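User: I'd like a close look at one pocket in this model and what sits around it. Keep it chatty, but take me through the surroundings properly.

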Amino acid sequence: MKWWLIAVLFISKGSGIGMIAFADQMLLGWSLFILGSLVLLWHHFAPGAQGLCDVVNSFVPDGRQVWLTIDDGPDCDDTPKILDLLDQFGAKATFFMIGERAERYPELVREVLARGHELGCHTFSHPLAYFWCARRAQVCRELDDNLAVLHAAGAKVRCFRSPAGIRNVFLRRCLKERHLDCIGWSLRSGDAIGGSLESVVQKVRAKVRPGSIILMHEGKTMSPSIRVEAFRRVLMDLRLQGFSCIVPTLK
């Protein structure tokens, strides 16, 4: 957690307690006290919030470049097809892999690396329900167990993405100790929230800009009508607009 967020919480909650205890201002006091909690929750769950750790939401491009990021793999059906599409369109991507799945399909992990793509840490078990309130030991275990699998495949991991972009009060220190950057996104394709194939393509087309970080997903939790076909259509549309998909260098 950053110092300025700690200061905001201290001032908000301290002022609230003071109003209640010494000024007999119950409504204002409780409002200030609760406001501090709401601010903290916002920084846990808002994808672009920076209070708990630094989040990379875009990059400085050299021309019409975007960063395609793919969450939740590897998947025995989707990953090989996505890799073929990336080759077809001359695109590079970062695959944010869940450790449990990477452990199950080590040959796919190695194939992603062999095709010239990057691997990122997406926790070991994707603990969506409790990651925001996990203990430090749990956060460290989610990182270390994932990294052990990816390192065993020969990956040099520099990037982390949390489940659904959720952060934790211990995350900043845990990432720093492991020399990992927290990567968010600037363009969520909507492929994992029940939209149609056309809505995914149109959203990317309307919002993509040079330096965009595009979030897409793979795996069986996706709608069958979207899954791999969304990559084909998005990559085709990006090419028509003159965009190239790269894995950028982070400062």
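How do the residues lining the second largest pocket divide into nonpolar, polar and charged?

Analyst: Bear in mind that this is a predicted model. The lining of the second largest pocket splits into eight nonpolar, four polar and four charged residues.

Now for the pocket itself. The second largest pocket holds about 280 Å³. It has 16 lining residues, and those closest to its centre are Asp72, His126, Ala192, His217 and Thr221. Two elements, β2 and β8, each give two or more residues to that lining.

One of those central residues, His126, is worth a pause. It has a positive phi of about 55° without being a glycine. His126 sits in the loop between β4 and α6, and because its relative accessibility is 22%, it counts as partly exposed. Thr123 also lies in the loop between β4 (118-121) and α6 (136-152). It too is a non-glycine residue with a positive phi, this time about 70°. What about its burial? At 1% relative accessibility, Thr123 counts as buried.

Next, follow β2 onwards along the chain. Pro74 lies in the loop between β2 and α3, and the peptide bond leading into it from Gly73 is cis, with omega near 0°.

Both strands from the pocket lining also turn up as neighbours of a helix. The buried residues of α9 pack against β2 (65-73) and β8 (213-217), as well as α3 (78-88), α8 (197-207) and β9 (244-245). Helix α9 covers residues 227-240 and spans 21 Å from its first C-alpha to its last, close to the 20 Å expected at 1.5 Å a residue. Which of its residues are buried? They are Arg227, Val228, Ala230, Phe231, Val234, Leu235, Asp237 and Leu238. Recall that an α-helix has 3.6 residues a turn, so residues three or four places apart point the same way. After α9 comes Gly242, with a positive phi near 85°.

From there it's a short step to the hydrophobic interior. In soluble globular proteins, nonpolar side chains tend to be buried together. Here the largest nonpolar core has 53 residues, and those with the most contacts inside it are Leu68, Leu86, Phe95, Phe160, Ile214 and Leu238. There is also a second, separate core of nine residues, with Phe59, Phe96, Ile183 and Ile213 among them. Going back to Ile214 from the largest core, and setting aside residues up to four places away in sequence, it touches Val66, Trp67, Leu68, Thr69, Leu187, Val204, Val208 and Leu238.

For comparison, look at the largest pocket, which contains about 540 Å³ of space. Of its 21 lining residues, Asp54, Val56, Leu180, Asp181 and Cys182 are the closest to its centre. Elements giving it two or more residues are α7 (171-177) and β6 (181-183), with α7 supplying the largest share at four residues. This lining divides into twelve nonpolar, three polar and six charged residues.

If you're scanning for enclosed space as well, the whole structure has one cavity of 30 Å³ or more, and the largest cavity holds about 40 Å³. Its lining is made up of Pro47, Val55, Arg161, Ser162, Gly165, Arg167, Cys182, Ile183, Gly184 and Trp185, which divide into five nonpolar, three polar and two charged.

Asn57 makes a handy last stop. It lies in the loop between β1 (55-56) and β2. Leaving out neighbours within four places in sequence, Asn57 contacts Pro47, Gly48, Gln50, Gly184, Trp185, Ser186 and Ile213.

Zooming out, the protein has nine helices and nine strands. Its C-alpha atoms fill a box of roughly 70 × 40 × 35 Å along the principal axes, and 47% of the 251 residues count as buried. Among contacts between residues at least 6 apart in sequence, 76% join residues at least 24 apart.

Methods: Residues are numbered from 1 along each chain as its sequence is written. This is a predicted model: local features need pLDDT of at least 70, side-chain atom pairs count only at pLDDT 80 or more; totals for chains, interfaces and linings use all residues. Side-chain values use heavy atoms; hydrogens and water are left out. The expected span of a helix is 1.5 Å times one less than its number of residues. Buried means under 20% relative accessible area, exposed over 50%, partly exposed in between (1.4 Å probe, protein chains only). Contact means heavy atoms within 4.5 Å. On a 1 Å grid over the protein atoms alone, a cavity is a set of points where a 1.4 Å probe fits but cannot get out, and a pocket is an open set with protein on both sides within 12 Å along at least five of seven lines; lining residues have an atom within 4 Å of a point. Grid points are joined across faces, edges and corners, and a volume is the space filled by probe spheres set on the points. Ala, Val, Leu, Ile, Met, Phe, Trp, Tyr, Cys and Pro count as nonpolar, Asp, Glu, Lys and Arg as charged, and the others, Gly among them, as polar. A nonpolar core is a set of buried Ala, Val, Leu, Ile, Met, Phe, Trp, Tyr and Cys residues joined through side-chain atoms within 4.5 Å.
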